[in-house]
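Me: I have a model open on my screen and would like a close look at one helix in it, with a walk around its surroundings afterwards. Could you take me through it in plain words?

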Amino acid sequence: MSSVPDHYEMHLAPVYSWMAGGIENAVARGQQELADIGLLDGGAGYAVDLGAGFGMHAIPLSRNGCNVLAIDTSAFLLNELKDYAGDTPVVTVQDDLFNFAGHLSDRPDVVLCMGDTLTHLPGLSPVTALISSVSEHLSQGGRFVITFRDYTRALEGTDRFIPVKSDASRISTCFLEYAGDTVRVHDILQERIEGSWVMRVSAYQKLRLDPVWIKQQFERCGFVVNLGAGLSGMVRIIAFKD
Ligand SMILES: C[S@@+](CC[C@H](N)C(=O)[O-])C[C@H]1O[C@@H](n2cnc3c(N)ncnc32)[C@H](O)[C@@H]1O
């Protein structure tokens with residue numbers, strides 16, 4: 001099994017924007033998602049995007065005049081983000097998201113950890129530690145928004161094979177293997193190269209996070225929490241710091 005950074009750098013990152021339907025489409029979806037939450041209403045501010053990827057949410061925020069700190073371990077995805085962000089006010093940092101506080105230039109008004117990034121963390125204690133650290137650094141009245149997949153109900157049999165994306169020259173499929181508090185995610189990529197299909201497989205571990213437990217962790221840190229549905233079947237938590 002690969003570490004999360006290796007899984008992205010050696011397997012997922014080069015095809016990640018393709019899997020998301022192209023950067024332009026994904027950023028348009030991110031923009032709509034942020035608009036629905038009301039994060040594009042307030043004009044400029046300071047935001048941190050933890051596990052920013054190619055910038056599905058960082059770019060709409062920076063285009064709206066917000067100063068954005070985008071942190072990710074993937075150099076490949078951060079380069080895509082920089083290229084697509086143009087001269088909008090986004091700073092990219094290649095680092096573990098747990099180190100976000102060391103890169104802050106101010107107290108953020110908004111912290112994002114979206115698109116299932118939270119499930120990539122190495123355990124439940126790191127999840128609570130992250131929520132607590134964001135709570136310490138967020139400005140008064142600030143918001144911490146997370147979206148993640150609920151893997152608590154184990155799929156069975158052939159339901160564990162999930163078609164992700166395909167076209168004439170690529171097929172991406174996911175296979176899920178459940179084990180206690182975690183699920184092993186096998187990403188299977190088949191690519192047509194010089195007339196033949198070539199398959200590459202890489203696996204990494206994700207957490208099976210219970211949305212109610214996550215809500216309680218936010219409340220323990222003094223957040224007022226709104227738990228609801230996000231994009232593409234994800235759970236969305238909007239946490240307000242009073
Ligand atoms: C599923 S993608 C989501 C990307 C983006 N937030 C979105 O919604 O499109 C998860 C991202 O988190 C990054 N990531 C995972 N664990 C990380 C960590 N501990 N520190 C920094 N980045 C991390 C990965 O490299 C990847 O870009």
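Reply: What follows is a tour that starts at one helix and moves on to other parts of the chain. Please keep in mind that this is a predicted model.

Let's begin with helix H2, which covers residues 23-37 and has 15 residues. From its first C-alpha to its last, H2 reaches 21 Å, close to the 21 Å expected at 1.5 Å a residue. Which residues of H2 are buried? They are Ile-23, Ala-26, Val-27, Gly-30, Glu-33, Leu-34 and Ile-37. Looking down the axis of H2, you will find these buried residues within an arc of 120 degrees, so they line one face of the helix. The face of H2 turned away from that buried side carries the exposed residues Glu-24 and Asp-36.

What do the buried residues of H2 pack against? Their partners include four strands and helices that we will meet again: helix H1 (4-19), helix H3 (58-63), helix H4 (75-85) and strand E4 (110-113). Strand E5 (143-148) and strand E11 (235-241) are also packed against by the buried residues of H2. Just after the helix comes Gly-38, with a positive phi near 90 degrees.One residue of H3 lets you see these surroundings from the other side. Leu-61 is found in helix H3, and with a relative accessible area of 3% it is buried. Setting aside residues up to four places away in sequence, Leu-61 touches Leu-34, Leu-39, Leu-40, Ala-47, Cys-66, Val-68 and Leu-112. Leu-34 is also one of the buried residues of H2. Between the C-alpha atoms of Leu-61 and Gly-45 there are 9.2 Å in space, and the two residues are 16 apart in sequence.

H4 leads on to Gly-86, which sits in the loop between H4 and strand E3 (90-94). Is Gly-86 buried or exposed? Its relative accessible area is 53%, so Gly-86 is exposed. Its C-alpha atom lies 25 Å from that of Val-145, a residue 59 places away along the chain.

Next, follow H1 to an enclosed space. The count comes to 1 cavity of 30 Å³ or more, and the largest cavity holds about 30 Å³ of space. Which residues line the largest cavity? The lining is made of His-11, Leu-12, Val-15, Met-19, Ser-172, Asp-187, Ile-188 and Leu-189. H1 gives the largest share of this lining, with 4 residues, and both H1 and strand E8 (182-193) supply at least two residues each. By type, the lining divides into 5 nonpolar, 2 polar and 1 charged.

Now go to E4 and the loop that runs from there to H5. Asp-116 is placed in this loop, and its phi is near 75 degrees, a positive value in a residue other than glycine. Asp-116 has a relative accessible area of 3%, so it is buried. Pro-122 is found in the loop between E4 and H5 as well, but at a relative accessible area of 64% Pro-122 is exposed. The C-alpha atoms of Pro-122 and Ser-3 are separated by 9.6 Å, with their positions 119 residues apart along the chain.

The loop brings you to helix H5 (residues 124-137). Its 14 residues should span 20 Å at 1.5 Å a residue, and its end C-alpha atoms are 20 Å apart, which agrees. The buried residues here are Val-127, Leu-130, Ile-131, Ser-133, Val-134 and Ser-135. Thr-128 is also in helix H5, and at 21% relative accessibility it counts as partly exposed. Why does 21% not count as buried? Buried means under 20% relative accessible area, so Thr-128 falls outside that class. Leaving aside neighbours within four places in sequence, Thr-128 is in contact with Trp-213, Gln-217 and Arg-220. Thr-128 and Ser-202 are 28 Å apart, C-alpha to C-alpha, and 74 residues apart in sequence.

One last stop is Ser-232, in the loop between strand E10 (223-229) and E11. Phi of Ser-232 is near 50 degrees, a positive value in a residue other than glycine. With a relative accessible area of 55%, Ser-232 is exposed. From this loop you can step into E11, and that takes you back to where we began, as E11 is among the elements that the buried residues of H2 pack against.

Key. Residues are numbered from 1 along each chain as its sequence is written. This is a predicted model: local features need pLDDT of at least 70, side-chain atom pairs count only at pLDDT 80 or more; totals for chains, interfaces and linings use all residues. Side-chain values use heavy atoms; hydrogens and water are left out. The expected span of a helix is 1.5 Å times one less than its number of residues. Buried means under 20% relative accessible area, exposed over 50%, partly exposed in between (1.4 Å probe, protein chains only). The arc is that of the directions from the helix axis to the C-beta atoms. Contact means heavy atoms within 4.5 Å. On a 1 Å grid over the protein atoms alone, a cavity is a set of points where a 1.4 Å probe fits but cannot get out, and a pocket is an open set with protein on both sides within 12 Å along at least five of seven lines; lining residues have an atom within 4 Å of a point. Grid points are joined across faces, edges and corners, and a volume is the space filled by probe spheres set on the points. Ala, Val, Leu, Ile, Met, Phe, Trp, Tyr, Cys and Pro count as nonpolar, Asp, Glu, Lys and Arg as charged, and the others, Gly among them, as polar.
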